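Good morning, everyone, and thank you for letting me take a few minutes of the meeting. Please have a look at the sequence and the model on the screen before I begin.

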Amino acid sequence: MTLAPRYPITIRPLTEAEGGGFLALAPDLPGCMSDGETPAEALANVYDAIECWIEGAEELGHPIPEPSQPAKSA
């Protein structure tokens, strides 16, 4: 089961100077971010980044922060 959807995500447009598209951040996981051409692509990419962030933290024996907001029910 993936933990990625449990974490809050912030998505914002990137300026043309920043390369355009959208940036998605997972503020609960320091440095965890990704981008995409559309908000949906940025979201999918940041979910992958969250999984990699958690996997890396586990391998290094680092703590994994709990999500700052409760998961939303469907």
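I will go from the whole chain to the sheet, then to one strand, and finally to the core.

Please keep in mind throughout that what you see is a predicted model. If we start with the overall inventory, the protein chain contains one helix and three strands, and when we read along the sequence these elements follow the pattern β-β-β-α. The C-alpha trace spans about 40 × 30 × 20 Å along its principal axes, and the accessible surface of the chain comes to about 4,900 Å², with 57% of that surface belonging to carbon and sulfur atoms. Of the 74 residues in the chain, 28% are buried. As for the contacts between residues with a separation of 6 or more, 32% of them involve residues 24 or more positions apart.

Now let us turn to the sheet. The three strands form an open sheet in the order β1-β2-β3, and their pairing is antiparallel. Which strands are at the edges? They are β1, residues 10-13, and β3, residues 33-36, each of which pairs on one side only. On average, and ignoring direction, neighbouring strands in this sheet are turned by 20° against each other.

If we look at the pairings one at a time, β1 and β2, where β2 covers residues 22-25, are joined by four bridges, and one place where you can find this pairing on the screen is T10, whose bridge partner in β2 is L25. Between β2 and β3 there are also four bridges, again in the antiparallel sense, and here A24 stands opposite S34 in β3.

The helix comes after the strands in the pattern I gave you. Helix α1, residues 39-60, lies across β1, β2 and β3, and runs at about 150° to β3.

I would like to spend a moment on β3, since two residues there make a useful pair to study. In a regular strand, the side chains alternate between the two faces of the sheet. In β3, S34 and G36 point to one face and are buried, while M33 and D35 point to the other face and are not.

Is S34 buried or exposed, and on what grounds? Its relative accessibility is 19%, and because the cut-off for buried is under 20%, S34 counts as buried. Leaving aside neighbours within four places in sequence, S34 is in contact with F22, L23, A24, N45, V46 and A49.

D35, by comparison, has a relative accessibility of 42%, so D35 counts as partly exposed. With neighbours within four places again left aside, D35 is in contact with L14, F22, L23, E41, A42 and N45. For a sense of distance, you might also find L60, which is 25 residues from D35 along the chain, with the two C-alpha atoms separated by 25 Å.

Finally, which residues make up the largest nonpolar core? There are eight of them, namely A4, Y7, A26, L29, C32, A49, I50 and I54. One member to look for is L29, which, apart from neighbours within four places in sequence, is in contact with Y7, I50, W53 and P65. Another member of this core is A49, which we have already met among the contacts of S34.

How values were computed. Residues numbered from 1 in each chain as written. Predicted model: local features only at pLDDT ≥ 70, side-chain atom pairs only at ≥ 80, totals over all residues. Heavy atoms only, no water. Pairing = 2+ DSSP bridges. Axes fitted to C-alpha atoms, helices over the stretch in contact; angles between N-to-C directions. Contact = heavy atoms within 4.5 Å. Buried < 20%, exposed > 50% of the residue type's maximum accessible area, 1.4 Å probe, protein only. Areas by Shrake-Rupley, 256 points an atom, 1.4 Å probe, with all protein chains shown as cover. Core = buried A, V, L, I, M, F, W, Y, C linked by side-chain atoms within 4.5 Å.
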